[in-house]
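Work through the exercises below with the sequence and the coordinates open. Each task is followed by a solution in steps.

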Amino acid sequence: MSPNPRTSSPADLHEVVVTVNGVTRSARVPARRLLSDMLRHDLRLTGTHVGCEHGVCGACTVLLEGEPIRSCLTFAVMVDGARITTVEGLAGPDGELGPVQRAFRECHGLQCGFCTPGFLLLTTELLSRSPEPADDEIVDALGGNLCRCTGYVNIVRSVRRAAELAREQPS
Amino acid sequence: MKPPPFVYHRPASVEEATRLLAELRDEAKIVAGGQSLVPLLNFRLAAPAHLVDINGITGLDRLGWADGAVEVGATVRHSRLLREREVAAAHPLLVEATGWIAHPVIRNRGTVCGSLAHADPAAELPAVLALLDGGVEAVSWRGGSQASRRVPAAELFAGPLQTTLEVDELVVAAYFPTLAAGTGWAVEELARRHGDYALAGIVLTVTVDGEGKPTSGRAAYLSCAPTPVVVDIGPALGGGGGGAGSATVYDLVASSLDPTDDIHATAVYRRHLAATLTVRALDRALSRARTGTQPPQPELAAVSDAMAAPTAASSDGGAER
Amino acid sequence: MTTQWFGEAVERREDRRLLAGAGRFLDDAGHDALGVAFVRSPHAHARVIGVDVADALDIDGLVAIYTWDDLPGRLADPLPLLIPHPDLTQPRTQYALARGEVNHVGEPVAMVVAADRYIAEDVAERVVVDYEPLPAVVGIGAARAAEHLVHPDVPGNVAAVTTQELGDARTALAAAPRVLEFDLAMERSLSSPLEGRGVHARWDPDDQRLRIRTSTQTSTGVRAAVANIFGLPDVAVEVVTPDVGGGFGTKVVHPYPEEVLVPWAARTLGREVKWVEDRYEHFVSATHERGQEHHVRVGFDDDGTILGMEVEFWHDTGAYTPYGIVLPIITATQLPGPYRHRHYRVTFTSLYTNTVTCTPYRGAGRPQGCFVMERTMDRIAEELGLDRAEVRARNLIGPDEFPYDFDMVFQDGRPLIYDSGNYPAVLERLRDLVGWDGFGAERDAAAAEGRHLGIGLACYVEGTGVGPYEGAHVHVETNGRVMVATGLTSQGQGHETVFAQIVADELGVDVGNVFVTTGDTRRFPYAVGTYASRAAVMSGNAVALAARQVRAKAIRIAAEALEAAPDDLDIESGVVHVRGAPSRGIPLAQVAVLSNPLRYAFSKEAQAATQFAAPPDPDVPPVPDDEEPGLEARDYYSPVRSTFASGMHAAVVEVDPDTGNVDVLRYAVVHDCGPLINPMIVEGQIHGGVAQGVAGALYERLAYDGAGNLTNASFMDFLMPYLSEVPTPVVGHVETPSPLNPLGIKGAGEAGVIPGSACLAAAIEDAVGVRIDRMPVSPPELWALLGEGAAS
């Protein structure tokens, strides 16, 4: 229900309940709290990073209902009830790195690591719908995230290697 | 860059939304995808006291056909247009133009109607709407009841980021007329980086007769004016079109546009680029026209209605609460 | 000693935590800290008449607002001049908060501390500053004309004028059979790491410690400045560098105002305080670089041999000079490149403008110098109708001409002497790699299809491993872990891995058992920082030297315990053993136990070191005079001067003359940084550098308007390249070891970016025949140049 415009205030806190990496989490946040900030500071999931807060760099990319979005362009209140995947959800139950993560390590697909969570999630989503992506699919899927360290070369190699490792993995 | 404070509303119906807007008027901004609005808030270039989130309103996610036009409801995301192949078959121009918008991540949240209401002259969809003589349906709560009006594209865009919509109006749907048989189309843009706003861009249609001779053509331009500019290129097509008429097409377009300088390009360059892209776009559009475009089949319309219902896999951000 | 880890593409130790989202970047800790925002000047040049906070005081969550008037003691002084120089006659540094005037858009005027950043920004918006705008000096032209001054007491906006000379250039030019004279320019850009700056501080009253985390490239630099400014003992100030999301130079200048203000607020308020820079702030307050204009005169003979060269250039240093004139000195001294100059004269003027201060951004003045030298070589070739690679080949310093002395002073204050290299070998490899000799046919085939292809190349040398020193501590603990600490910092270069590789080889242990800490003043307090492609050379050698001492000590101790001669011992897989008799050995962990004579055994293994465990030598104390307890050592590497890496890049481009669009079809790199510690990491550095080089040539410029507003202060309008804009370089290596350091290595961090603008300008010119003398060049600009060319 919408609050009464006359009696409500911007300082009102909203209870936001989300399922993050399969775990139900909640926080009481003002309406203007960005999803990126709620994940990082209210839920202490600091793997999602903030690089620009205007939707260009993609360091804040998370999966919302399985689809990549910019969490810095989303208010937490707008995704109440949603299922979110962050980089913390990519490892196995024992903390063993998943195939995408292993591929990035093998291929030196990260240097400072700040942009990396976004690229890992984009790669994960890409491979879930296209297990053997062609080059133009890789460019389309990853071509909107910035990296300042790697020059992207090893990121692309990592994606191809991740596809191989994912295929090797027993489903 | 944190956004300024606001009161958040999530109406469950169109009536609730319009009653809110009638009360809040210019203190409120509507948010659907947020991909254009939230950066403005984060930069504190806008500071609305109230935000009205329409994602919770059922019935705004319709994607279908009616009366020779593709109808797109207010909460339909760009990515859905790209995903549903029947739409591509029915309106390939609309789908290709949508594919030029930013990056997939932005398209997963941004909405078609939101893009139109935002009215960025560098955006693709306002130009497509203008080219096709489409329009939007805007509703409001006036005098104790729901009011509704159709705003044609030619009357919608008032200036950069400005429409003629009233402060209490909510766009609930947009209509993109489909192309007639024998009409080809093309989209051409040149951007600095993949996914950027274009330095200049064009969406173009051209119609040919039974022998493949162009009989009419229209082009709408992005990033060339405060609003989308539509140019009738018909007069330049007389001499058989394509190669022979290219210089005339170039000159006609160049003389019809009056872009401005900005940090990314000069006016002179933009004018030249728009005219150059027109020549290239015309070539492609003509070959499409000559191989024939298919109008939407009646049975597809039935399928699209079923597709219009929200599914669990859709990213409509919690349409079902 | 056979090496097992040096030269191997060992997977990085850093990766596990970074891939799991468990990195510890600045903003990942301190969730309960107060937030900070700054009121920053919207004017490029103005007097600050007053600051009115009345309208901000009732915001819920406000804690404090500070201006310069609140700053006590040395905090109220201008920030330190980091690198003085006798020619820097008019240095100026900023106050931590503006004192009566502001000199660039973005300069901090007031600091707001509040419950969180959202609220701090609400407060900052309500603070009203009364400014009296003054005329702004923007651009080198305006600075030179000096119709207005940035600093009222700095005549002509001149911070410094410097001349250096090898031989007698003017006489040589006067006698040269051919002379060319022309102008060149490069526009301003910035480092723009994906993670902005940030400072997190708290005062621990129990331990009386000021604990600071800052996203810096020099934790010891920050610590020294803070301790000095606050009047605290060094030991009371701890600076720990967290994981850093890229530095690229901008994070080495220090202390930024925020680096003293945030700790001060923490101490004053008795609360944890954290400031995290946002992207807009980064554009208007983190340092910029690259803006220069050059005038060149070169004399040469009909073979293309350079006889004399004189360069005069003007360097835009922005509003202040905390970094002195190091940047233009680097341009001046790296400009000569790999060529056999005998007469070279360079004069530069460092000019103030009302824009953000300029300090090093990856390349640090070298891209400009390389641009000048390489455009000059291309001009000579064009004038004579010679192949551009051939003209270069004729001028290259030969592999037997080292050391080559330029009779100038380099950025480290030491003589500019190239120590080693094999430039002809690099050139030959590059010609092969890019297909230089066969390109004519390629170009013709494309032309037949109506396509315009062009090729260009550019060469550079890079003085790396500048001093004064770095140090390292290597410690084998009794649990067998090898703990290594060095004081410089990391921003993604893989130091935890590379230094572990070196130590593992020196000590004969598994690389997985070596744990490296960088940038923590608690662990290693003597250091300089990470910049100038120095970390591998400096700390790499320091950890090697320290590890060698540890190895020697381990062998000494083990020899006694095994009753063997030290020369008969080896260390393999962490066990000191008699060569040829692996069962006669002691694990290093146990050697560590033995190295520390004990009264009390803390474990069963430790019993071996207690007083009754073995009969002692009654005349020798448990810890002999020249020994210390523990299997550890500290050592330093201090170079007599920089060691010179080198390389050459070539690019093939396609230009669309109708739109001015440039596509990079092929990009080749041949690179000599001596032996590679970790080839995978070096290649990654090259890839990243090339991306910034291409970006600097075609996309990235900072666009100030005439009033000093930065018109593209966002990622939407400052065009950092995405994946689709960056070519995949093919990389070849040549290895000429350095004679100047024990490991024989050279730096690699900046090389990828240095020749980007030069070789792309050359390729574009080759494709469409239009003169490119200014970079970056965008499609509209190229199209306009083509139009002018067609008209003339």
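## Exercise 1: one loop residue

B:Val167 is in contact with B:Arg25 and B:Asp26, leaving aside residues up to four places away in sequence. The model is a predicted one.

Task. State where B:Val167 lies, and decide whether B:Val167 is buried, partly exposed or exposed.

Solution.
- Step 1. Place the residue: B:Val167 sits in the loop between β9 (162–163) and β10 (170–177) of chain B.
- Step 2. Look for a partner distant in sequence: B:Glu27 is 140 residues apart from B:Val167 along the chain, and their C-alpha atoms are separated by 8.7 Å.
- Step 3. Classify the residue. Buried means under 20% relative accessible area and exposed means over 50%. B:Val167 has 38% relative accessibility and therefore counts as partly exposed.

## Exercise 2: two domains in chain B

Task. Describe how domain 1 of chain B meets domain 2 of chain B: what area is buried between them, and which elements give two or more residues to the side of domain 1?

Solution.
- Step 1. Set the bounds. The domain assignment gives chain B a domain 1 made of 7–179 + 302–321, and a domain 2 spanning 183–291.
- Step 2. Take the separation: the C-alpha centres of these domains of chain B lie 27 Å apart.
- Step 3. Count the contacts. In chain B, 24 residues of domain 1 are in contact with 24 residues of domain 2.
- Step 4. Take the area. About 2,000 Å² is buried between the two domains of chain B, and carbon and sulfur atoms give 68% of that. B:Trp100, B:Pro121 and B:Leu131 supply 28% of the area that domain 1 buries against domain 2, more than any other three residues.
- Step 5. List the polar links. The rule finds two salt bridges across this interface of chain B. B:Asp133 and B:Arg218 form a salt bridge, with the closest N and O atoms 3.5 Å apart. Five residue pairs are in polar contact between the two domains of chain B, both residues at pLDDT 80 or more.
- Step 6. Assign the domain 1 side to elements. Those giving two or more residues are α5 (92–99), α8 (124–132) and β8 (157–159) of chain B. With seven residues, α8(B) gives the most.
- Step 7. Sort by class: the domain 1 side that touches domain 2 in chain B has 18 nonpolar, two polar and four charged residues.

## Exercise 3: chain C against chain A

Task. Find how many residues of chain C are in contact with chain A, and which element of chain C gives the most to that side.

Solution.
- Step 1. Count: 55 residues of chain C are in contact with 51 residues of chain A.
- Step 2. Take the area. Chain C and chain A bury about 4,500 Å² between them, and carbon and sulfur atoms give 59% of it. C:Leu19, C:Tyr118 and C:Leu723 lose the most area on the chain C side, together 19% of what that side buries.
- Step 3. List the polar links. Seven salt bridges are found across the interface of chain C and chain A. The side chains of C:Asp122 and A:Arg32 meet in a salt bridge at 2.6 Å, N to O. There are 23 residue pairs in polar contact between chain C and chain A, both residues at pLDDT 80 or more.
- Step 4. Assign the chain C side to elements. α1 (15–19), α2 (117–126) and α16 (679–698) of chain C give two or more residues to the side that touches chain A. The most come from α16(C), with nine residues.
- Step 5. Sort by class: the side of chain C that touches chain A has 24 nonpolar, 16 polar and 15 charged residues.

## Exercise 4: chain A against chain B

Task. Find which residues of chain A lose the most area to chain B, and how many salt bridges the rule finds across the interface of chain A and chain B.

Solution.
- Step 1. Count: 36 residues of chain A are in contact with 44 residues of chain B.
- Step 2. Take the area. Chain A and chain B bury about 3,300 Å² between them, with 57% of it on carbon and sulfur atoms. A:Arg32, A:Leu73 and A:Met78 lose the most area to chain B, together 20% of what the chain A side buries.
- Step 3. List the salt bridges. The rule finds three across the interface of chain A and chain B. A:Glu67 and B:Arg83 meet through their side chains in a salt bridge (3.0 Å, N to O).
- Step 4. Assign the chain A side to elements. β4 (67–70) and α4 (135–142) of chain A each supply at least two residues to the side that touches chain B. The largest share, four residues, comes from β4(A).

Methods:
Residues numbered from 1 in each chain as written. Chains lettered and ligands numbered in written order. Predicted model: local features only at pLDDT ≥ 70, side-chain atom pairs only at ≥ 80, totals over all residues. Heavy atoms only, no water. Domains from an automatic or database assignment. Contact = heavy atoms within 4.5 Å. Buried area = accessible area lost by both parts, 1.4 Å probe. Salt bridge = Lys/Arg side-chain N within 4 Å of Asp/Glu carboxyl O. Polar contact = N/O pair within 3.5 Å; in protein donor to acceptor, adjacent residues only side chain to side chain. Nonpolar A, V, L, I, M, F, W, Y, C, P; charged D, E, K, R; others polar. Buried < 20%, exposed > 50% of the residue type's maximum accessible area, 1.4 Å probe, protein only.
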